[in-house]
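This report covers a few strand pairings and the surroundings of one residue. Please look over the sequence and the structure before reading on.

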Amino acid sequence: MRSLSEFGFMGAYNQNRGSVPFERFYLGGDGMANFAMDGRETIQLRGYPNNSLTPINNSGEQLGATIYNKFSLEMRYPITLKASASIYALAFLEAGSSYESFKNYNPFSLNRSAGVGLRVFMPAFGLLGIDFAKGFDALPGQTAPNGWETHFIIGQQF
């Protein structure tokens, strides 16, 4: 069993200039980073599309977040622990959110998800996995709950 809580905050030394427009947090999805030259930090939150839980402006463009929090609870059950391949089944609960500024920050307004998955560790390939997760809350700018998402995991640790 693993429980995890994460918190990230990016401030500015000079409040007159404000926060820089790059090096922001992008929350949602499998957490596998896509190449970007703006220094973004991709935060995994299964049950939602990649980078979908990031603040948006009035035109629907993602701004990136300067503050985020995430809570996760995961339980794994070993199916086999052989040296050639270790296989685990897992169930998880996750919740998190990201905010444009500390003024908007509400630690109790979270996007929640739950799901199940499978992990296979093979020495030749490393860790491979698949997760099926249901997002219970709506994406920014939408009203309907997100629903089911499938995520592939490559090389991420427990």
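The sections below describe two hairpins and then a single serine in a predicted model.

## Hairpin β6–β7

Strand β6 covers residues 111-122 and strand β7 covers residues 126-138. The two run antiparallel and are paired through 10 bridges. Three residues link β6 to β7 in a hairpin. One of the bridges can be placed by its residues: F121 is partnered by L127 of β7.

## Hairpin β7–β8

β7 also pairs with strand β8, residues 145-154. This pairing is antiparallel too, with nine bridges. Here G135 has G147, in β8, as its bridge partner.

The hairpin formed by β7 and β8 has six residues between its strands. Within that turn, G141 has a positive phi of about 85 degrees.

## Surroundings of S97

S97 belongs to strand β5, which spans residues 86-99. Is S97 buried or exposed? Its relative accessible area is 7%; the cut-off for buried is under 20%, so S97 counts as buried.

The S97 side chain has a polar contact, at 3.5 Å, with the side chain of Y99. In general, side chains in a regular strand alternate between the two faces of the sheet.

Which residues touch S97, leaving aside its neighbours within four places in sequence? They are L27, I67, Y68, N69, S109, L110 and N111. Of these contacts, N111 falls in the residue range of β6, the strand that the hairpin of three residues joins to β7.

How values were computed
Residues are numbered from 1 along each chain as its sequence is written. This is a predicted model: local features need pLDDT of at least 70, side-chain atom pairs count only at pLDDT 80 or more; totals for chains, interfaces and linings use all residues. Side-chain values use heavy atoms; hydrogens and water are left out. Two strands pair if DSSP finds at least two bridges between them. Helices (H or I, at least four residues) and strands (E, at least two) are DSSP runs, numbered from the N terminus. Buried means under 20% relative accessible area, exposed over 50%, partly exposed in between (1.4 Å probe, protein chains only). A polar contact is a pair of N or O atoms within 3.5 Å; within protein, one must be able to donate a hydrogen and the other to accept it, and residues adjacent in sequence count only if both atoms are side-chain atoms. Contact means heavy atoms within 4.5 Å.
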